[in-house]
Amino acid sequence: MTASGTPEETGPLLRVSSVTRYYGPIVGCRDVSFDIWPGEVIGIVGESGSGKTTLLSCISARLEPTMGTVEFRSRAGKMTDVYRMSEAERRFLMRTEWGFVHQHPRDGLRMGVSAGGNIGERLMAVGDRNYGAIREAAGDWLHRVEFDVGRIDDMPTTFSGGMQQRLQIARNLVNGPRLVFMDEPTGGLDVSVQARLLDLLRVLVAELRLSVILVTHDLAVARLLADRLMVMRRGEVVEAGLTDQVLDDPQHPYSQLLVSSVLQP
Amino acid sequence: MTALARRKTPIGYNFAYLDEHTKRMIRRTILKAVAIPGYQAPFASREMPLPFGWGTGGIQVTASVIGPDDILKVIDQGADDTTNAVSIRAFFTKTTGVTTTERTSEATVIQARHRIPETPLKEGQIIVYQVPIPEPLRWLEPREMETRKMHALEEYGIMHVRLYEDIARFGHIATSYDYPVIVNGRYLMRPSPIPKFDNPKMDRNPALQLFGAGREKRIYAVPPYTEVKSLDFEDHPFEIQKWDESCALCGAHDTFLDEIVTDDRGGKMYVCSDTDYCGSRRAAGTGEGE
């Protein structure tokens, strides 16, 4: 509130404090705290069942944590607890300032709506009512995610898995969100498509100065995209630090195991 | 009123078929619906002596608002003489003994299926629509919880996605009936399957417009003189259907026309879908045909 200068540069974009989520007696995630700054990419790695997705749901306002807070910095520079907002504000935030890239594009796309309609949805949701402008933005974004613009009226069902994933990314980025959550964005894609998608993501993240919270079990993906890494096990963060540091010199026995488990072709 | 009703309905049903408690429940729902224009108020829809989908919602609404002094008109696709209209009219004649009419201007209650009469409605009239599916967002969002939330938070962007798809595919908004509208600048509403030709008639109409969906158990309303705006894009404004022909019977060129096949060699004619309007024009000598 007492910030001086550009509000965005005076503090973290998102502050996660002691987020804990129980499913009855079962621990989803416990006492996770971290900050994410504008333009930063944080990777969350760990084996399946380690609480990565629970944590991501908690911080993306999809699953209320049992304890702890998640605060987001508005464009005015004010930190607000996302679970204290009214639902209308939260949903507005989710479709303007945030993006969410699902592992399965089918969860994030409208399969019965053309590529252009999918990209234009967020624009129309915030009140854009000019067909020509919406279509132009959709075409522009299709181009940016390496689509042939001629496919703007095709249904997502006619696209390959990698194309659907790129479409989902375009759909999320069209109205310039500041924070994007990604849940295994390259899971289920073959390696060459994965490499292309990662390359694209890297370019977009750098160009748009996006903050990204990336959940993955693939250390190579984390190495390529993430600035910082958190290693999770049994719902807790066992190690956190710069990506290269964590991957090249893991301190916690579990991180060591994780790093040494990677297959070398 | 009940004494009069008993006297006039010889077949042993309560006046207008429904029991008084049901009618009161429906009237309460109607009041709610009128208070929040375009909002779908839930009600405990009753079994009627005809299947859901044949107009049970409209009939229940009509039964709840009709009184012994009312004059009833029933139309189906604009016509007074089609099966649905004839049966519903007979039903109310039997259970209420009210006077029926085919003249729009004489009627106090009009139950309509898929049309609004061409003759402008006036203050004091009630038009009751039969609604098959009340939820405008249904085909876009299957979850009822979610659509209610979308209404509550006024999240209607997705409806424009549907119109966008129309333009992308056909070059213009091809939705021609049940065209989505915003009522009183707030609620998104399905105007029931009336042609979009009739949408402008709903806007600031002096009559009370009630919508009943029996199977889906919803009632909604547009009070007199309420703004009803059809959705559109800035560069693709809302337009109503137009015909090159005029009515073959009465010569009207500003009405909604039905295409009627007259033989098996491709012969056809266009006539007004509103039989009362067409008939009265011919009676007044404005017709050209026949």
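## A walk through two chains, starting at V221(A)

V221(A) sits in helix α8 of chain A. Keep in mind that this is a predicted model. With a relative accessibility of 1%, V221(A) counts as buried. Leaving out residues up to four places away in sequence, V221(A) touches T186(A), Q194(A), L198(A), L214(A), T216(A) and A226(A). Two of those names, L214(A) and T216(A), are handy signposts for what follows.

**The strand behind it**

L214(A) belongs to strand β8 of chain A, and so do S211(A), V212(A), I213(A) and V215(A). How many of the five residues of β8(A), residues 211-215, are buried? Five of the five are, so the strand is largely enclosed by the rest of the structure. Look at both of its faces and you'll find cover: S211(A), I213(A) and V215(A) are buried on one side, V212(A) and L214(A) on the other.

Which strands pair with β8(A)? One is β3(A), residues 41-46, which runs parallel to β8(A) and is joined to it by four bridges. Here I42(A) has I213(A) as its bridge partner. Another is β7(A), residues 179-183, which pairs with β8(A) in the parallel sense over five bridges. On that side, M182(A) stands opposite L214(A). To get from β7(A) to β8(A), the chain passes through helix α7(A), residues 191-208, in a right-handed β-α-β crossover.

**Loops around the strand**

Now for T216(A), the other signpost. T216(A) has its place in the loop between β8 and α8 of chain A, and it is buried, with a relative accessible area of 1%. A polar atom of its side chain lies 2.9 Å from the backbone nitrogen of D218(A). Setting aside residues up to four places away in sequence, T216(A) touches I44(A), V45(A), G46(A), K52(A), E184(A), V221(A) and A222(A).

E184(A), one of those contacts, is found in the loop between β7 and α7 of chain A. It has a phi near 50 degrees, which is a positive value in a residue other than glycine. Chain B offers a residue to set beside it: R204(B) has a positive phi of about 50 degrees too, although it is not a glycine. R204(B) lies in the loop between α7 (199-202) and β8 (208-213) of chain B. Are these loop residues buried or exposed? E184(A) is buried, at 8% relative accessible area, whereas R204(B) is partly exposed, at 48%.

Here are the accessibilities of the individual residues on this tour, including one from chain B that comes up below:

| Residue | Relative accessible area | State |
|---|---|---|
| V221(A) | 1% | buried |
| T216(A) | 1% | buried |
| E184(A) | 8% | buried |
| R204(B) | 48% | partly exposed |
| Q60(B) | 0% | buried |

**A helix with two faces**

Go back to V221(A) and count along the chain to S260(A): they are 39 residues apart in sequence and 16 Å apart in space, C-alpha to C-alpha. S260(A) is one of the exposed residues of helix α10(A), together with P253(A) and L257(A), on the face turned away from the buried side. Which residues of α10(A), residues 253-260, are buried? Y254(A), S255(A) and L258(A) are. They cover an arc of only 100 degrees around the axis, which puts them on the same side of α10(A). An α-helix has 3.6 residues a turn, so residues three or four places apart point the same way. Among the elements covering the buried residues of α10(A) are β3, α8 (219-225), β9 (228-233) and β10 (236-242) of chain A.

**The cores, and over to chain B**

The largest nonpolar core has 66 residues, and those with the most contacts inside it are I119(A), W141(A), L167(A), L137(B), Y164(B) and F233(B). Helix α6(B), residues 157-170, gives the most to this core, with seven residues. Apart from it lies another core, of 29 residues, among them V19(A), I36(A), F100(A) and V215(A).

Take L137(B) as a sample from the largest core. Beyond its neighbours within four places in sequence, L137(B) is in contact with T147(B), M150(B), H151(B), Y156(B), I158(B), M159(B) and L188(B).

A last stop is Q60(B), in helix α3 (residues 56-65) of chain B. Q60(B) counts as buried, at 0% relative accessibility. Not counting residues up to four places away in sequence, Q60(B) touches L18(B), I26(B), F43(B), S45(B), R46(B), M48(B) and G214(B).

Methods. Residues numbered from 1 in each chain as written. Chains lettered and ligands numbered in written order. Predicted model: local features only at pLDDT ≥ 70, side-chain atom pairs only at ≥ 80, totals over all residues. Heavy atoms only, no water. Buried < 20%, exposed > 50% of the residue type's maximum accessible area, 1.4 Å probe, protein only. Pairing = 2+ DSSP bridges. Right-handed = clockwise from strand over helix to strand, strands pointing away. Contact = heavy atoms within 4.5 Å. Arc of directions from axis to C-beta. Polar contact = N/O pair within 3.5 Å; in protein donor to acceptor, adjacent residues only side chain to side chain. Core = buried A, V, L, I, M, F, W, Y, C linked by side-chain atoms within 4.5 Å.
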